[in-house]
Amino acid sequence: MASFLVSKSGPLKGKVTINGAKNSVLPIMAASLLSDKCSILEDIPNLEDVNVMCELLEHFGSRLDFKGRQLKIDNGNIQPALAPYDLVRKMRASFLVMGPILSRFGRVKISLPGGCAIGTRPIDLHLKGFAAMGADITLGHGYIEAKADRLQGNRIYLDFPSVGATENIIMAAALADGLTILENAAEEPEIIDLANYINSMGGHIRGAGTDTIKIEGVKELNGCTHTIIPDRIEAGTFMVAAAISGGDITLCNVIEDHLRPVIAKLKEAGVKIETVEEGMRVYVNGPLHSLDLKTLPYPGFPTDMQAQMMALMCTIPGISMITETVFENRFMHVSELKRLGAKIKIEGRSAIIEGVERLQGAEVRATDLRAGAALVLAGLFADGTTEVTDVHHIDRGYEDMESKLRSLGANVKRVP
Ligand code: EPZ
């Protein structure tokens, strides 16, 4: 297991280019299964999760051809094989192949996704959508099987605006017979990117980005070329790196509109954020203030930025409160931050943070992707050296984090 050694770093300064969004490229790669024609995807991030999705597509017969950040996907010979546990276990997003395969072939068998550190993460809303479109679903021996001669469009209400369920249902409805109206749908930017991709293939999806999405099923879809949107969570993570180090970082390749809740809360804390020619400049000049925040489905504050913001709040004098409403167990980073000397109390779904003058470097463990990123950020501030272990979690969602941070002046190095 590799680790990052992070030592106290001065203000981070310079430019960083944000990669394509992990949470956009994964559903879009799954959606490529909706067609037997070739798709070309641009600005693919080099991430462990992308490698797992490639493995899964190849398992079904896709032929993948990487040229730098361009991925060509040829799905001419797809067979709806079984999606095995060892692949689905590695990455919950594997479950996103269920909708496209069911819609295109009328049958799919996939392992139940494993839980993960941040919660049980059920799939009931995904299955509710497939059943509403006429699929017969059976569960057994850790696998789910779904069959349907041809899915029928229907009106579907999501009890919770689940990102994955919204994506899986959009993909299933894209080739269904008739109109599907999805209500209380997730509104994340990644949903819009997915809908744009499927529409470029010849799909008819309207309303993506709102809570009501209409999908008119078509007979078949073609290939297309699509550029993945920038990763708003990687961008937010580097915004917090500027804040926690008292630095001055310019982020290139960002879409500010996707970052409005993060910009709003960092500005409320006293961080300066300006639009500049290359993108967005984030810097500190003056004291930062404690604040309260609550994670919510988009356009609320993103749960994927909760851990990073908590690391920042640990270093700002005063009392801050963070309430996590999306996942039931996304405070695994609290005990690790406390090993660095942070003062945090958990009360139900809220964490009360008392900012401290200094943190002390220690050995800490990345429990999940964003918790790992938060610990690296805290290590930039902590005295001495912080060893963050299990950084494979970080590699799942951040391309070359250590070299990007080092290029900004951070003392970070990867050790085996
Ligand atoms: C996506 O996960 C993201 N992953 C997550 O990012 C992100 O945290 C999450 O959306 C919320 O924004 C990808 O896009 C690959 P959900 P997903 O379905 O789709 C409950 C990261 O760090 N729920 O919106 O799994 C569920 O238990 C990752 O990049 C049901 O109850 O999230 C959770 O409490 C972590 N039934 C809540 O909804 C269901 O059928 C949100 O889950 C589905 C979900």
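1. Domain 1 and domain 2 bury about 1900 Å² between them, and carbon and sulfur atoms account for 52% of that area. Within domain 1, Tyr-298, Arg-396 and Glu-399 supply 32% of the area buried against domain 2, more than any other three residues. The model is a predicted one, and the interface should be read as such.

2. The two parts of the chain are domain 1 (3-19 + 230-415) and domain 2 (22-227). Domain 1 is thus given as two segments, 3-19 and 230-415. Taken over C-alpha atoms, the centres of the two domains are 30 Å apart. Contact between them involves 24 residues of domain 1 and 22 residues of domain 2.

3. Tyr-298, one of the three residues named above for the interface, is joined to Pro-299 by a cis peptide bond, with omega about 10°. Pro-299 sits in the loop that runs between strand E17 (292-295) and helix H10 (306-313).

4. The ligand is surrounded by 22 residues, of which Arg-92, Asp-124, Ser-162, Asp-304 and Val-326 are the closest. By class, the shell holds 10 nonpolar, five polar and seven charged residues. Both domains take part: domain 1 and domain 2 each contribute at least three residues to the shell.

5. Which helices each supply at least two residues of the shell around the ligand? They are helix H1 (22-31), helix H5 (124-132), helix H6 (163-174) and helix H12 (369-381). H5 gives the most, with three residues.

6. Polar side-chain atoms of charged residues approach the ligand as follows.
- Arg-92: 2.7 Å from an oxygen atom of the ligand.
- Asp-124: 2.7 Å from a nitrogen atom of the ligand.
- Arg-370: 2.9 Å from an oxygen atom of the ligand.

The protein covers 87% of the 830 Å² of accessible area that the ligand has on its own.

7. One backbone detail can be checked apart from the ligand shell and the interface. Asp-43 has phi near 65°, a positive value in a residue other than glycine. Asp-43 belongs to the loop between strand E3 (38-42) and helix H2 (48-60). That loop falls within the bounds of domain 2 (22-227).

8. To sum up, the two-domain division bears on both main topics of this note. The domains bury about 1900 Å² against each other, and each of them also gives at least three residues to the shell around the ligand.

Terms used: Residues are numbered from 1 along each chain as its sequence is written. This is a predicted model: local features need pLDDT of at least 70, side-chain atom pairs count only at pLDDT 80 or more; totals for chains, interfaces and linings use all residues. Side-chain values use heavy atoms; hydrogens and water are left out. A residue is near a molecule or strand if one of its heavy atoms lies within 4 Å of it. A polar contact is a pair of N or O atoms within 3.5 Å; within protein, one must be able to donate a hydrogen and the other to accept it, and residues adjacent in sequence count only if both atoms are side-chain atoms. Accessible areas come from the Shrake-Rupley method with a 1.4 Å probe; for residues, only the protein chains shown count as cover. Helices (H or I, at least four residues) and strands (E, at least two) are DSSP runs, numbered from the N terminus. Ala, Val, Leu, Ile, Met, Phe, Trp, Tyr, Cys and Pro count as nonpolar, Asp, Glu, Lys and Arg as charged, and the others, Gly among them, as polar. Domain bounds come from an automatic or database domain assignment. Contact means heavy atoms within 4.5 Å. Buried area is the accessible area (1.4 Å probe) that two parts lose on being put together, summed over both.
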